[in-house]
Each structure stands twice: as C-alpha cells, then as structure tokens.
Amino acid sequence: MKYLLRRLLLAIPVIILVTIMVFSLMHLIPGDPATVILGQEATPEAVLAMRHNLGLDKPIVIQYLTWLWGVLHGNLGRSLVDNTPVASLIFQRLAATLELTLGTFIVALLIAIPAGILSAARQGTWVDYISSGFALGGMSIPHFWLGMMFIVLFAVKLGWLPASGYVPFTQNPGANMAAMIMPMVATGLREAAVLMRMVRSSLLEVMDAEYIRTAYSKGLKERTVILKHALKNAFVPVLTSSGLMIAGLLGGLVITESIFSIPGYGKLIVDSIFTRDFVTVQGAILVSALLVVVVNLVVDLLYTVIDPRIKVGKGAGV
Amino acid sequence: MFKKFKAPLAAAVIGLMLVATGCGTAASTTAAGSGNSSAPKDGGTLNVALSSDAPKLDPAFSSSVYDRYVFQSLFDKLVDIDKDGKIVPMLADKWDISPDGLTYTFHLHQGVKFTDGTDFNADAVKFNFERDMDKASPRKGELGEVKSVTVVDPNTVKVELKEPFSPFLSILTDRAGMMVSPTAAQKEGADFANNPVGTGPFKFQGRVKGSTITLVKNSNYWQKGLPHLDSVVFKIITDANVAATNLKSGQVDITDWRFPTKEIQNFQKDSNFTIVNKPGQGYVGFYVNVTKPPFDNKYARQAIDVLVDRDALVNLIKNGAATPAHSPFSAGNLAYGDSDKAPKPDLAKAKELLAKGGISNGFSFTFKTGTSPDNQRMAEMLQNMLKPAGITMNIEKLEFGTMLDQTTKGDFQASALGWSGRPDPDQNIYDDVLTNGSMNYGKYTNPQVDQLMKAARKEQDSAKRKAIYDQAMTILNDELPYIYFYHENNVVGFSKHVQGFNYVSDGLIRTVGMWKN
C-alpha cells in the first residue's frame with residue numbers, strides 16, 4: 001500500500017513535466033488556433049478578435065496556470081475549436097481505443113505465446129523457421145497496408161465484415177465486434193510478431209539455465225519443463241515489453257483508427273494538433289500520461305506474481 | 001509526449017484532405033445527377049462520406065467546406081442556387097432590388113419554424129445578419145457592404161448596402177444567408193456549434209467528433225412532403241480510397257466531392273454506381289510573393305507560367321478530372337472565357353523571358369506545399385518542368401496549419417494554397433488581388449486592378465461585368481500575382497439506391513429531395 005502511494009506520488013512531477021512540455025511545444029508550432037479556425041478568408045482583425053475570445057492574448061504562463069488550476073479542480077477545459085468539454089471528448093474516444101488496444105493485445109498473445117514456445121522448443125527446425133519468417137513478415141509488413149488489404153478482401157470481395165462503422169460496444173455488441181475484428185487482427189499480427197520474438201529469445205535464454213537441465217535430469221517431460229519451469233521465468237521480459245506495448249498502443253493506433261474510421265484516442269490527439277486545439281491536446285496527453293503510469297505500475301506489481309523473488313517496496317529499488 | 005513526434009508521420013499518411021482549400025473547374029463527362037423516374041420513397045438513412053470532419057457547425061463561425069456539406073441539411077438560406085446555377089427562392093419567396101442596387105427587400109416565406117419551435121421571421125433575419133457581422137466571424141468580410149438591416153414587418157426585411165454589390169445574392173446562397181435560431185444562438189452562446197438549430201429539413205441529433213455526425217428528419221419541415229429520408233449520417237473518412245471502398249461495400253451511399261479520381265473509370269463500369277464528374281468552382285495553383293526575390297521580378301513569374309505543363313498535371317495528378325486554368329474562373333462562372341486559356345509549355349519562350357528579366361542563368365526558390373500525396377506529386381512534377389530553364393525549385397512540405405500560418409503572414413516565395421471556389425466571380429478574385437485584400441498574401445498591388453475589381457462588384461449587368469473581369473485578367477495574366485494550374489472537378493460517387501441527387505456547381509449535397517430505393 002505504502003509502495004503504491006509512493007509510486008503514485010512520484011508520478012506527479014513526471015506528469016506535471018509532461019504537461020509543461022506539451023504546453024510549450026504546442027505553442028512552438030507555427031499557426032495558432034485562431035488562424036486555423038478562421039482559415040484562408042480571415043482578416044487580421046478577425047484573427048485578433050478570435051484570439052481574444054479564446055483567451056490566447058494572455059501571457060503563456062497565465063494560460064498554463066489557468067489550465068492547471070482547472071485540472072486540479074477536475075476541469076480539463078473546453079475545446080478551442082467548438083467549445084466541447086475536453087473530458088467528454090476524451091471519454092468518447094478512450095473507450096474505442098481501450099477496446100482496440102485490448103483486442104490487439106489478445107490477438108498478439110494468442111499468436112505470440114504458442115508460436116514463441118514452439119519455435120524455442122524446436123529451435124532450428126522448420127517450425128522455428130516458419131514462425132521466425134512470420135515474425136519477420138509481421139514486423140516488415142506495414143499494418144496500414146495490411147488493414148487496407150483486409151478491407152479489400154473481407155469487406156469488398158467477400159462482404160463478410162463492414163469496412164468501417166464503429167458503434168460503441170454498449171450500444172450494439174455484435175456490430176461493434178464486426179467493425180473491430182479487422183483492425184484488431186491487422187495491428188495484432190504486427191504486435192504478435194514483436195512479442196513472439198521476445199518469447200522465443202527469453203525462453204531460449206532460460207532453457208540454457210542449470211535448473212532446466214536439473215528438471216530434465218529428474219526425468220520430467222519436455223512439455224512440463226517448458227510450461228512449468230521455463231516459461232514462468234521467461235515471462236518477466238515478456239511482461240515488460242507487453243506493458244510498453246500497451247502503453248504505446250494507447251496513443252499509437254492512430255493509423256489503424258484512420259483506416260477503419262474508428263473515433264479513437266490517437267486520432268483525437270492528431271486531429272487536435274492539426275487544428276491547434278491546445279486545450280484538447282493537453283487534456284488528452286495528460287490522461288494518456290496517467291494511463292502509462294498506471295500500466296507501468298500494474299506491470300511492476302505483476303512481476304511479483306510471476307516471480308516471487310522480485311519484491312516491490314522497501315529496499316527493492318524500484 | 002512521444003505522441004507528438006508521431007504527428008508528422010500520421011500527417012503524411014492521413015493528411016489527404018488538406019488540399020481541401022484548393023479545388024477547381026474542368027469540363028468533363030457523366031450524368032448530370034441521378035433523379036431517376038421512380039416515385040420518391042420515404043424513410044431510410046443516407047450515409048455520406050466526408051473527407052474531413054466538419055469543425056464548426058455554426059454558419060457564422062465556420063471556415064471549412066465540410067461544415068458547408070452538413071449545413072445544407074441543417075440550415076435553409078434566404079436564397080439558393082439550383083442545378084443550372086440560377087439563384088432561386090428558399091426562405092425568401094421573392095425579393096426586390098432598388099434600381100440603384102443599394103436596397104434589397106426580402107419577402108419571407110410565412111409559417112416557417114426553427115426546429116426548436118420558435119418562429120422564423122424578419123427579426124430572426126436581422127439577428128442573423130448582425131451575428132454574421134461580428135468582428136470574429138469569417139462572414140464579416142462577405143457582408144462588408146451591408147450598411148443596415150431593417151425589419152419592415154414580420155415577413156419583410158430591408159437590407160441597405162453601402163455601395164451597389166452585385167455578388168450579394170450569390171453570397172446569401174451560402175453561409176452568410178443561412179438562418180440560425182436566434183433563441184438557440186443566444187441560449188447556447190459559444191456552444192451553438194454543438195447544438196445547432198436551423199429551419200432545415202434535418203435536425204442535429206449528435207456527433208462523435210472525428211467519426212460521425214447524425215441528423216434526423218425535421219417532421220415539421222415547411223416544404224410539404226419533404227424530406228424523404230429519416231436520417232442523414234455523415235461518416236468522416238479521411239482517405240479517399242477508403243471512402244470508395246466503403247461505397248463499394250455499402251457502408252456509404254454517397255461520397256463528397258473528393259471521390260478518388262483514379263477510381264472513376266472502375267466505378268463507371270459498374271452499373272451499381274453513378275459518378276458525377278463536373279467542373280468545380282475553385283482553383284489549384286500557387287501564390288508568388290511579389291515583394292521578395294526572385295518573384296519581385298515579373299519575368300521570373302512569367303517564365304514559370306510558360307514552363308508549367310498544365311495538361312500533364314491534370315492527367316497525372318487528377319487522372320483527367322480537372323481542366324488547365326489561367327484564371328480563377330471555371331466553366332459555368334459568368335466571368336469564364338478566353339482569359340482561362342492556359343499557355344502550352346514553351347522552353348524557348350521561358351528562356352527569352354528569363355533573359356529579358358536579366359536572369360538568363362535561371363534562379364532558385366522554395367515552394368511551400370502540403371503533405372498529401374497529390375501535393376507531393378505536383379511539387380515533384382513542377383520541379384522537373386522548371387529544371388530545363390535553369391530554375392531550381394526546392395520543396396518544403398508543411399502541415400496545413402503551418403502552411404496557412406506562414407502563407408497568411410507573407411513568409412513564402414511560392415505557396416501552394418488554392419481556393420475551393422464560390423459561384424460569383426467576385427468571391428474568387430477580389431480579395432486575392434486587391435491591394436491589402438484579405439487573401440492577397442503575395443502583397444500584389446496595382447491601382448488599375450483595384451479600380452476594376454471595385455467596378456466589377458458595382459456593375460449589375462452580367463455582360464458588362466464579364467468585360468471588366470476580362471480587362472482585369474489581361475493585366476493579371478501579364479503580371480501573374482498568382483499562377484493558376486487547374487480547376488479541379490467535383491467528383492461525387494453514389495450507389496444506385498440513391499435517388500433525387502441534383503448536382504449543384506458548389507459540389508455540396510442537398511439532401512432535402514433525396515431518397516433511397
């Protein structure tokens with residue numbers, strides 16, 4: 001508990017630093033919201049008036065502190081473009097991305113774990129070559145291309161799945177899954193490739209350890225040795241990279257989201273950067289920084305479950 | 001944080017619609033619209049692919065063409081343009097123009113209500129004009145000639161102009177003529193864009209930003225028997241190829257004007273689809289900064305003009321769905337004519353011009369352009385077209401907001417900003433070439449052109465107006481403050497289930513009379 005509290009407190013300066021960096025970087029991009037909102041036809045007079053309406057004529061430090069003050073009071077502010085509360089934009093978008101992230105992760109696990117184990121156990125055989133080939137392909141084939149190919153095949157040629165048309169899971173689970181399966185598999189395949197390499201190499205490393213030889217010499221079956229002894233020990237690095245993967249996916253699915261027209265989180269951030277909607281970008285990045293902190297914390301806690309030798313908290317140096 | 005660094009990559013991949021601002025005209029093929037024989041059927045949902053989200057659903061503060069797509073279903077205007085380009089009654093049944101062209105009296109349709117139940121009347125019209133003339137509204141410039149708006153009686157409004165202004169009615173066919181509910185506008189304030197209320201055939205139901213905008217039927221619509229559809233859903237699909245795929249698979253019924261040109265032939269062969277491929281109203285080309293070297297030298301500009309192979313650009317970038325341009329006026333515009341005839345590429349002449357300008361060894365400059373594949377392809381083609389004359393063109397690719405910022409501030413030598421186009425010639429040229437005009441980013445100035453621009457908007461007679469524009473274009477085509485490349489076509493694709501679509505030259509989709517089989 002104490003450990004948890006300490007970790008969360010440590011996250012506060014990190015997050016504040018992130019907001020300051022985002023805030024200053026956003027203001028460094030040429031083109032302010034007023035210019036972008038008003039477009040080509042705007043007169044300089046209209047731009048000035050718009051800047052004033054949006055509060056952009058105030059000193060940048062004041063703008064930041066006003067925003068921070070709002071955040072501390074649970075108010076993420078309103079979009080500069082259309083005045084929607086940022087919290088509701090984030091809420092709308094986060095559900096889709098969390099679902100996509102989770103689905104991608106499950107697809108990745110379902111493929112990577114068995115394939116990784118098989119290729120480690122059968123190192124140097126055709127099984128290994130096939131799965132390594134798959135991994136190489138998975139990492140080299142751009143997932144946006146794969147996504148487009150999926151659409152052409154499953155939506156246009158075969159007509160099995162819709163090419164787009166995300167609906168929230170709570171509204172219509174069937175339609176939601178139909179729209180989400182292609183993007184999940186398209187990105188999942190790529191992530192599976194990365195993860196599979198990780199499973200394979202850490203398993204191979206463990207397989208050389210003495211306790212594995214001991215296990216074999218006790219007369220245990222290969223299956224038992226790998227699944228009971230080796231896999232558990234090989235899992236720590238896999239868990240670390242899974243954590244990083246999930247954190248990366250939360251904001252990094254923007255291309256998949258674009259191709260499948262999913263109103264996701266990455267798209268929210270990118271679109272808001274294009275429209276110079278500072279307030280939305282700040283709010284969204286703040287929330288995603290929080291999520292990354294939480295994911296990392298969960299990963300750290302999971303280490304102790306997998307490997308009891310790892311201790312968190314006092315003297316553990318985490 | 002690192003998401004930030006992913007933005008440029010994402011921009012490169014998804015930022016296709018950024019040329020949104022530039023479009024144009026051409027003369028091409030295909031059906032005029034569908035409007036088939038079968039009797040209209042009520043019900044159903046029309047799914048429309050939009051190539052960019054509609055940022056601001058408030059006519060007074062909108063600056064995006066994609067807002068205008070949605071507005072056609074939400075808001076009625078005082079007057080509209082029809083498929084022949086004629087100005088026709090909408091919320092105003094008729095109007096009188098005083099002989100001096102200074103007073104417009106609008107007689108409003110009676111018994112019209114906004115979808116919040118309040119009355120549409122003369123007070124509402126006055127309110128809307130005044131709201132559009134707010135200093136932060138992009139409409140202020142369009143309505144710059146309006147002196148006063150007077151309520152004569154509940155169904156009659158008188159608008160006085162400072163000077164005769166012949167584009168006035170044409171301007172009212174777009175956002176400046178759209179009527180929003182004064183009650184809702186006052187109640188919602190800055191939030192109006194999230195709860196827009198008009199008198200249109202459809203009401204706003206909700207939106208998921210970046211994904212969908214849902215409108216539902218206004219069952220008390222003032223035009224009896226309309227609309228036919230139960231709802232209209234705009235799906236934001238930023239990649240034109242993905243939009244076409246969605247059309248094919250049935251998730252989308254109709255695309256906006258950015259149907260991918262390379263798919264035109266494929267879809268035309270398929271009897272399940274109709275492709276409308278018609279001249280648009282805008283143009284693509286580049287601004288040259290006449291205050292900075294090398295383009296402060298007229299001959300440098302003229303050399304570029306005769307080196308650009310416009311036919312090649314049209315064929316390779318737009319797959320033929322565009323026409324070479326030499327003026328802002330496309331086919332169908334009242335000022336369109338010989339001034340739009342573009343020169344053929346002529347290297348010898350370019351060299352001659354460069355010699356005349358004292359730059360026979362050529363020169364180099366930087367061209368600022370967007371990040372879309374079309375932008376990139378065009379930039380590379382231009383680079384190769386200019387090279388034989390010793391002109392080195394460096395390409396600087398910029399994300400749209402950055403390019404807009406730098407261009408509007410005059411921080412460029414050449415910038416690829418185009419124009420989506422408007423029905424009246426004035427709206428396609430006035431502010432671009434007038435001294436200190438709001439879109440005169442290249443800082444061109446010529447008192448004679450200024451005088452002609454002002455005369456043209458005062459002139460009421462179309463033939464005389466055209467003569468004035470011809471005169472102005474003779475000067476402008478010699479001085480070249482903007483180099484026009486082509487008028488892009490509006491290409492709309494729709495499925496055979498879609499009926500009652502009438503193509504209007506602004507390329508927008510008017511859903512009021514449409515239905516689905």
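How many residues of helix α2, residues 65-74 of chain B, are buried? The answer is 10 of 10, so let me start there, with the reminder that this is a predicted model.

Helix α2(B) is mostly covered. Its buried residues include Tyr66(B), Tyr69(B) and Phe71(B). Charged and polar side chains are on that list too: Asp67(B), Arg68(B), Gln72(B) and Ser73(B) are among the buried ones. What do they pack against? Four strands of chain B: β1 (45-50), β8 (202-208), β9 (212-217) and β10 (231-236). Now look at the start of the helix. There, Ser64(B) points a side-chain oxygen at the backbone nitrogen of Tyr66(B), to within 2.9 Å.

Next, a sheet in chain B. It is open and has four strands. The order is β4-β5-β7-β6, and the pairing is antiparallel. As a reminder, strands of a sheet pair through backbone hydrogen bonds. Which strands sit at the edges? They are β4 (92-97) and β6 (146-153) of chain B, and each pairs on one side only. On average, neighbouring strands here are turned by 20° against each other, direction ignored.

Stay with edge strand β6(B). Its partner is β7(B), residues 156-161, and six bridges join the two. They run antiparallel. If you want one pair to find on screen, take Asp153(B), which stands opposite Thr156(B) in β7(B).

A helix lies against this sheet as well. Helix α3 of chain B, residues 122-132, packs on it. The strands it touches are β5 (103-108), β6 and β7 of chain B. The direction of α3(B) makes about 165° with that of β6(B).

Now the two chains together. How many residues meet? On the chain A side, 57 residues are in contact with 55 residues of chain B. The size of an interface is often given as accessible area lost when the parts come together. Here the area buried between chain A and chain B is about 4800 Å². Carbon and sulfur atoms give 61% of that. Which residues of chain A lose the most area to chain B? Gln40(A), Glu41(A) and Phe274(A) do, and together they make up 18% of what that side buries.

Then the polar side of the interface. Between chain A and chain B, 12 residue pairs are in polar contact. The salt bridge count is four. One salt bridge links Lys140(B) to Glu45(A), with the closest N and O atoms 3.9 Å apart.

Conventions:
Residues numbered from 1 in each chain as written. Chains lettered and ligands numbered in written order. Predicted model: local features only at pLDDT ≥ 70, side-chain atom pairs only at ≥ 80, totals over all residues. Heavy atoms only, no water. Pairing = 2+ DSSP bridges. Axes fitted to C-alpha atoms, helices over the stretch in contact; angles between N-to-C directions. Contact = heavy atoms within 4.5 Å. Buried < 20%, exposed > 50% of the residue type's maximum accessible area, 1.4 Å probe, protein only. Polar contact = N/O pair within 3.5 Å; in protein donor to acceptor, adjacent residues only side chain to side chain. Buried area = accessible area lost by both parts, 1.4 Å probe. Salt bridge = Lys/Arg side-chain N within 4 Å of Asp/Glu carboxyl O.
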